[in-house]
Amino acid sequence: MADLDKPTETKDFHLDIQQRSEAFFLKGSNCLDWGMKNRLARIFNAQSGKTVMLAIDHGYFQGPTTGLERVDVNIVPLLPHADTLMLTRGILRSVIPPSYTRGIVLRASGGPSILKELSNEQIAMDIEDVLRLNAAAMAVQVFIGGEHETQSVHNMTRLVDIGNRYGLPTLAVTAVGRDMVRDAKYMRLACRICAELGASYVKTYYVDEGFQTVTASCPVPIVIAGGKKLPELEALRMAYNAIDQGALGVDMGRNIFQAESPALMAQAVRKVVHEGEKPEHAYDFYRSAKVEVAVA
């Protein structure tokens, strides 16, 4: 053995340097296990503390959404611009290249289509398959105030329990029904319930008035949903305002893949989220880059 070959003491224990124990960079996550933190660090950028998630899971209840008819053609070219993909296991296995090494957030609940009551979801995959696919987190829809509210909350808590067992974060996605008011009061209620019952982070909608109270009252990270397609500048303003008021990222789908230039829009969103660019500056980048591409 090497230590027995040379009896001369040559080891350096750096006695003048204390071992450091750094706090984890993400809000409300410092007491999680190492594996859980490591997976969250595949979702959130450790330098900026934020994330740009690309949501392409719409087909699990809507079918082939506009822009997602061919994921291989429309979405795969966008992968370099996303910190994280949120999708179903079917699309992951059939279309996404295994060389994609960033965070994967798997849709883990489902059941009804747009033809039925959407809140009647069940857990839709086994934890073993989540682990087999090397996911960074599981996503579950939570319908606070919906017809099947309790069932959806129990879906989440079951995933939280099994996720904690294996070091897998759970993303709670707050769903707002057609008859519910999208205001700060509702978002505070929904996000806080999800956090209180163990969600690792929460996806919710941005609201113009009082959104900072939603992020302040939620002890875990919040990312905002992109929602319906907006004009590009409006979408960038929404992202900027949400980050400015405490959100730690965006999970955009239609506002990226339905844009006139999806790859450039994804880059513009990254400038807002990670670099703190003003939305007008990011939009100028988007427009000028489109012209350059057209000329080329």
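Threonine 215 counts as buried because its relative accessibility is 5%, where buried means under 20% relative accessible area, exposed over 50% and partly exposed in between (1.4 Å probe, protein chains only). Threonine 215 belongs to helix α9; helices (H or I, at least four residues) and strands (E, at least two) are DSSP runs, numbered from the N terminus. This is a predicted model, in which local features need pLDDT of at least 70 and side-chain atom pairs count only at pLDDT 80 or more, while totals for chains, interfaces and linings use all residues. Residues are numbered from 1 along each chain as its sequence is written, and side-chain values use heavy atoms, with hydrogens and water left out.

**The whole chain**

- The protein chain contains 13 helices and 10 strands.
- The radius of gyration of the protein chain is 21 Å, which agrees with the value near 19 Å for a compact globule of 296 residues; the radius is taken over C-alpha atoms, and the globule rule is 2.2 Å times the number of residues to the power 0.38.
- Along the principal axes, the C-alpha atoms fill a box of roughly 75 × 55 × 40 Å.
- Of the 296 residues in the protein chain, 49% are buried.
- Among contacts with a separation of 6 or more, 65% are between residues 24 or more positions apart; contact means heavy atoms within 4.5 Å.
- The protein chain has an accessible surface of about 15,200 Å², and carbon and sulfur atoms hold 50% of that surface. Accessible areas come from the Shrake-Rupley method with a 1.4 Å probe, and for residues only the protein chains shown count as cover.
- The protein chain carries 32 positive and 34 negative charges, whose mean positions lie 2 Å apart. Lys and Arg count as positive and Asp and Glu as negative, without His and the chain ends; each charge is placed at NZ of Lys, CZ of Arg, CG of Asp or CD of Glu.

**Helix α10 and its surroundings**

- Helix α10 runs over residues 232-244, and its 13 residues reach 18 Å from first C-alpha to last, close to the 18 Å expected at 1.5 Å a residue. The expected span is 1.5 Å times one less than the number of residues.
- The buried residues of α10 are Glu232, Leu233, Ala235, Leu236, Met238, Ala239, Tyr240, Ala242 and Ile243.
- An α-helix has 3.6 residues a turn, so residues three or four places apart point the same way.
- The cover over the buried residues of α10 includes helices α9 (211-216), α11 (254-257), α12 (262-275) and α13 (279-295), along with strands β9 (222-225) and β10 (249-252).
- Tyrosine 240, in helix α10, is buried at a relative accessible area of 18%.
- Beyond residues up to four places away in sequence, tyrosine 240 touches Val272, Gly276, Glu277, Lys278 and Pro279.
- Between the C-alpha atoms of tyrosine 240 and glycine 110 there are 31 Å, with the two positions 130 residues apart along the chain counted as their separation.
- Glycine 246 follows α10 and has a positive phi, near 110°.
- Glycine 246 is also among the residues touched by threonine 215, together with Lys27, Ile222, Gln245 and Ala247, when residues up to four places away in sequence are not counted.

**Lysine 271 in helix α12**

- Lysine 271 lies in helix α12 and, neighbours within four places in sequence aside, is in contact with Gly276, Glu277 and Phe285.
- Lysine 271 and alanine 282 are 11 residues apart along the chain, and their C-alpha atoms are separated by 6.4 Å.

**Alanine 172 in strand β7**

- Alanine 172 lies in strand β7 (residues 170-174) and counts as buried, at 0% relative accessibility.
- Leaving out neighbours within four places in sequence, its contacts are Val140, Val142, Met156, Cys194, Ala199, Tyr201, Val202 and Lys203.

**Loop residues**

- Histidine 58 sits in the loop between β1 (51-55) and α3 (59-62) and is buried, with a relative accessible area of 12%.
- Without neighbours within four places in sequence, histidine 58 is in contact with Gly63, Thr65, Leu68, Gly253, Arg254 and Phe257.
- Histidine 14, in the loop between α1 (2-5) and α2 (34-43), has a positive phi near 50° and is partly exposed at 44% relative accessible area.
- Asparagine 134, in the loop between α6 (127-132) and β6 (137-142), has a positive phi near 60° and is partly exposed at 48% relative accessible area.
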